Amino acid sequence: MQLIWVIMYDVWEILGNMNELRALRHDLDQHGVLPSDAEWRKICDRAVPKQAPRRAAILDSARIGSSWVFIASGYAASYYAHRDGRLTLTRFFEPGQIAGNVTSTWSNDYGSDELTAITDVSYLEIPHDYLLVEYMQGQTFGAYIRMKVIETLRYDKDLLVCQALNDPAARYRFLEDRHPRLLELALKKDIAAFLGVTPQGYSRFLRRREAG
């Protein structure tokens with residue numbers, strides 16, 4: 001079995017366009033999930049590799065949600081769209097995390113969340129109907145999805161506590177702990193939006209922090 005995966009990895013490397021699937025395979029391995037050849041082929045058939053340049057919309061509130069996104073590389077941000085057109089940055093997504101417009105997908109209606117690439121992002125688009133069946137019934141990929149849901153719930157709990165403090169310093173520590181690379185790659189205005197300050201306020205915050 002291991003030899004088969006080594007050969008497949010070599011083929012993907014030659015093709016040069018399967019980085020997203022390799023990232024998913026690696027995350028499956030990290031979670032101790034080993035799908036059969038038939039199961040992996042099914043995943044490959046349903047998961048569509050895509051790329052989004054910085055600032056491009058991955059999921060937007062103008063479309064009813066019908067799929068989920070596995071982030072393979074890069075960082076994305078979730079924005080809440082207010083009725084007056086304002087956008088509030090609510091959280092970030094990094095490689096290995098799964099994103100989706102939960103309200104829109106489950107209610108089959110327009111949602112209020114948008115997912116935007118804040119760096120160049122490569123990802124897998126996975127249909128909701130396939131993911132739902134696997135979540136409810138799947139023994140291997142389904143087990144992986146259920147583990148990812150638990151990870152998301154734990155992450156969201158910590159994020160909720162962080163946001164409830166309404167303290168830029170606490171929110172910055174959250175990013176340091178959870179998304180250290182993000183602080184290097186994201187634009188200052190995106191970090192500032194998460195902290196709840198202006199870009200100028202973020203610059204002052206960093207200067208005070210460096211001064212001790």
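**Exercise 1. Place Arg46.**
Task: Classify Arg46 as buried, partly exposed or exposed, then find its partners.

Solution.
- Step 1. The relative accessible area of Arg46 is 30%, so the residue is partly exposed. The class runs between 20% and 50%. This value, like the others here, comes from a predicted model.
- Step 2. Arg46 belongs to helix α3, which covers residues 37-46.
- Step 3. Set aside residues up to four places away in sequence. Arg46 then touches Glu125, Ile126, Pro127, Asp129 and Tyr130.
- Step 4. Take Ile126 from that list. Arg46 and Ile126 lie 80 residues apart in sequence, yet their C-alpha atoms are 6.3 Å apart.

**Exercise 2. Survey the chain.**
Task: State how many helices and strands the chain has, what share of the residues is buried, and what share of the contacts joins residues 24 or more positions apart.

Solution.
- Step 1. The chain has 10 helices and 8 strands.
- Step 2. Of its 212 residues, 42% count as buried.
- Step 3. Consider contacts with a separation of 6 or more. Residues 24 or more positions apart make 69% of them.

**Exercise 3. Follow Lys148 into a helix pair.**
Task: Decide whether Lys148 is buried or exposed, then describe how α2 and α6 pack.

Solution.
- Step 1. Lys148 lies in helix α6. Its relative accessible area is 7%, so Lys148 is buried.
- Step 2. Beyond neighbours within four places in sequence, Lys148 contacts Asp27, His31, Gly96 and Ile98.
- Step 3. Asp27 leads to α2. Helix α2 (residues 19-30) packs on α6 at about 80°, with the axes 11 Å apart. Roughly perpendicular covers 65 to 115 degrees. Hence α2 and α6 are roughly perpendicular.
- Step 4. On the α2 side the contact uses Leu24, Asp27 and Leu28; on the α6 side it uses Phe141, Tyr144 and Lys148.
- Step 5. By class, the α2 and α6 contact holds 4 nonpolar, no polar and 2 charged residues.

**Exercise 4. Pack two helices against α10.**
Task: Give the angle and axis separation for α9 with α10, and for α7 with α10. List the residues that meet in each pair.

Solution.
- Step 1. Start with α9 (residues 188-195) and α10 (residues 199-211). Their angle is about 85° and their axes are 8 Å apart. The two helices are therefore roughly perpendicular.
- Step 2. From α9 come Lys188, Lys189, Ile191, Ala192 and Leu195; from α10 come Pro199, Tyr202, Ser203 and Phe205. The classes are 6 nonpolar, 1 polar and 2 charged.
- Step 3. Turn to α7 and α10. Their axes come within 12 Å and cross at roughly 80°. That makes this pair roughly perpendicular.
- Step 4. Pro168, Ala169, Tyr172 and Glu176 of α7 meet Tyr202, Phe205, Leu206 and Arg209 of α10. The classes are 6 nonpolar, no polar and 2 charged.
- Step 5. Compare the α10 lists. Tyr202 and Phe205 appear in both.

**Exercise 5. Classify a ring pair.**
Task: Find the geometry of Tyr155 and Phe174, then place the pair in its cluster.

Solution.
- Step 1. A pair of aromatic rings is described by the distance of the centres and the angle of the planes.
- Step 2. Rings pair when their centres lie within 6.5 Å. The count for this chain is 7 aromatic pairs.
- Step 3. For Tyr155 and Phe174 the centres are 5.5 Å apart and the planes stand at 65°, so the pair is edge-to-face.
- Step 4. Tyr155 sits in helix α6 (residues 141-165) and Phe174 in helix α7 (residues 168-178), 19 residues apart. Both residues are buried.
- Step 5. Ring pairs join Phe92, Tyr155, Phe174 and Phe194 into a cluster.
- Step 6. Add a charge over a ring. The charged end of Arg91 sits over the ring of Phe93, 3.8 Å from its centre.

**Exercise 6. Check two backbone angles.**
Task: Give phi for Arg55 and for Asn166, and the exposure of each.

Solution.
- Step 1. Most residues other than glycine have a negative phi.
- Step 2. Phi of Arg55 is positive, near 80°. Arg55 is in the loop between β1 (48-52) and β2 (57-59). Its relative accessibility is 34%, so Arg55 is partly exposed.
- Step 3. Phi of Asn166 is also positive, near 50°. Asn166 is in the loop between α6 and α7. At 60% relative accessibility, Asn166 is exposed.

Notes: Residues numbered from 1 in each chain as written. Predicted model: local features only at pLDDT ≥ 70, side-chain atom pairs only at ≥ 80, totals over all residues. Heavy atoms only, no water. Helix = DSSP H or I, 4+ residues; strand = E, 2+ residues; numbered from the N terminus. Buried < 20%, exposed > 50% of the residue type's maximum accessible area, 1.4 Å probe, protein only. Contact = heavy atoms within 4.5 Å. Axes fitted to C-alpha atoms, helices over the stretch in contact; angles between N-to-C directions. Parallel < 35°, antiparallel > 145°, perpendicular 65-115°, else oblique. Nonpolar A, V, L, I, M, F, W, Y, C, P; charged D, E, K, R; others polar. Phe/Tyr/Trp six-rings, centres within 6.5 Å; stacked < 30°, edge-to-face > 60°. Lys NZ or Arg CZ within 6 Å of the ring centre and 35° of its normal.
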